[in-house]
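Me: I'd like a close look at one part of this protein, the pocket around the ligand. Once that's clear, please walk me outwards to the domains and the helix packing.

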Amino acid sequence: MQPTEPSDPDTPVAANPVFGDEPITVPRFELSDGGLNPAVAYQIVHDELMLDGNARLNLATFVTTWEEPLARRLMAESFDKNMIDKDEYPRTADLEQRCIRMLGDLWHAPDPSAVLGCSTTGSSEACMLGGLALKRRWQHRRRAAGLSTEKPNIVMGINVQICWDKFANYWDVEPRLVPMDGHRLHLGAAEAAALCDENTIGVVAVLGSTFDGSYEPVAEICAALDALEQRTGLDIPVHVDGASGAMIAPFCDPDLVWDFRLPRVASINTSGHKYGLVYPGVGWALWRDADALPDDLVFKVNYLGGEMPTFALNFSRPGGQVIAQYYQFLRLGRRGYRRVQQTCRDVATSLSAKIAALGPFTLLTDGSELPVFAFTVRPDQPFSAFDVSAALRERGWLVPAYTFPKNREDIAALRIVVRNGFSHDLAGLLLDDLGRALETLGRQTGPQRGPETAGFAHGTEKPPAR
Ligand SMILES: *Cc1c(COP(=O)(O)O)cnc(C)c1O
């Protein structure tokens, strides 16, 4: 891929007029011979970054954009620690293990001390590992029975985050995608079971669909697979992609059964850097027990003179995110997490109700599952969802608009992700700006922008054609 550069590529990077005393330019795409004074170099980079969007106003992302100062300080103190150096930084390694046990307990593992898990760079890596474990288990079972391992498939809703399209593509597993249908905008239990056969390595259930924030019916999906096993003998494990929801449901919906309480759930991932409340760079993958994670996927690294098992795609990785995760667990506890997540949900449900009351919009979801909601523009309006996204962008708000996949390509939606730090106050300011934008948009003669103008789909983008 080429770097994108709006200006003439022959134009060098200029430090003036900020440093007006001597003409300073450096090449744009090559290392300069001599380098620069650090203050000048800093200012150039800093100034260029001013044109990035404001992260706190980025309502497209699920990823943490505000962290407590003391968590930031711990991250800064550990910039120099590499997560893989278990022997050199045994305390960091130990904090990681404590986080895994805490998550095992939070997700009701029958024996949290038997849970196997690891930190990752995010849910994408965690999902790769979850999928690989499913594939390897299936291969072992098939080989033991003298059956072919040529054609593995994985069953999931078409709404899965793009990381699952990557998993299928990179590891040669056929993706069996259940399309949307009518009001069902995520995976259905019967539809999932219907696509399974002897080559199915597992079913992915998403706790918190990227498209609209709705929870998939994990318990129903497991029950449908229980019935399938009774009928056919096929025993198909479930991986729960709880990138967002695995850090919401335990605190806000304690009675919802979606986790290791369901014997069919083999593994769960979450993004520590989403509702785990840590800045970008950490995810978690957990397996219910050793049976769920084949031994031959696990490598050993040195640790305090002995060995420690690791399962990861990366080798080197920053330690600070894991340290900040442990800080958040200590600092907030169950009640603290509940306060933060419930406040996000309250902001989301109250904002969605007010947006619905404006008139031109229809809610697809209201923020009562993930604190995330999606809404469409009524067909009688002279503007599109993409027009609304562009108008809000003029005021600094980043609210994505995107079309839905098969069989609801007719839906073009806007989505708002409420995160820690997006207060009732900020929601009120957004609503004011939306109201003002509608006055202008309402005077249009017809929609101006279509899906081709959608810059940021954030996890809802289409996979490449295979
Ligand atoms: C965000 C997300 C992912 C990818 O997670 P990263 O932490 O960004 O790598 C996977 N699945 C779901 C459901 C998500 O929301």
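Reply: Let's start at the ligand: 16 residues surround it, and the closest are G122, S123, S124, Q161 and A243. Keep in mind that this is a predicted model. If you want one element to look at first, pick helix α4, residues 123-144, since the largest share of the shell around the ligand, three residues, comes from there. As for chemistry, the shell is made up of 10 polar residues, five nonpolar ones and one charged one.

Now zoom out to the whole chain. The domain assignment splits it into domain 1 (13-52), domain 2 (70-328) and domain 3 (341-453). Take domain 2 and domain 3 as a pair: their C-alpha centres are 31 Å apart. Where the two touch, 19 residues of domain 2 are in contact with 17 residues of domain 3. On the domain 2 side of that contact you'll find 11 nonpolar residues, six polar and two charged.

Next, the helix packing. Two packed helices are described by the angle between their axes and the distance between the axes. Start with helix α9 (residues 320-357) and α11, whose axes sit 10 Å apart at an angle of about 20 degrees. Anything under 35 degrees counts as roughly parallel, so that is what α9 and α11 are to each other. Their crossing is right-handed. On the α9 side, the residues involved are V347, L351, K354 and I355, and they meet H424, A427, L431 and L434 of α11. Sorted by type, this contact of α9 with α11 has six nonpolar residues, one polar and one charged.

Helix α11 (residues 424-441) also packs with helix α10 (residues 385-394): the two axes come within 10 Å and cross at roughly 120 degrees. That angle makes α10 oblique to α11. Here too the crossing is right-handed, with α10 passing α11. From α10, the contact uses D387, V388, A391 and L392, while α11 brings D433, L434, A437, T440 and L441. This contact of α10 with α11 divides into six nonpolar residues, two charged and one polar.

One residue to click on is L434 of α11: it turns up in the contact with α9 and again in the contact with α10.

Conventions
Residues are numbered from 1 along each chain as its sequence is written. This is a predicted model: local features need pLDDT of at least 70, side-chain atom pairs count only at pLDDT 80 or more; totals for chains, interfaces and linings use all residues. Axes are lines fitted to C-alpha atoms, for helices over the stretch in contact, and angles run from 0 to 180 degrees between N-to-C directions. Helices (H or I, at least four residues) and strands (E, at least two) are DSSP runs, numbered from the N terminus. Angles under 35 degrees count as roughly parallel, over 145 as roughly antiparallel, 65 to 115 as roughly perpendicular and the rest as oblique. A crossing is left-handed if the near helix is turned anticlockwise from the far one by less than a right angle, and right-handed if clockwise. Two residues are in contact if their C-beta atoms, placed from the backbone, lie within 7 Å. Ala, Val, Leu, Ile, Met, Phe, Trp, Tyr, Cys and Pro count as nonpolar, Asp, Glu, Lys and Arg as charged, and the others, Gly among them, as polar. Domain bounds come from an automatic or database domain assignment. A residue is near a molecule or strand if its C-beta atom, placed from the backbone, lies within 6 Å of it.
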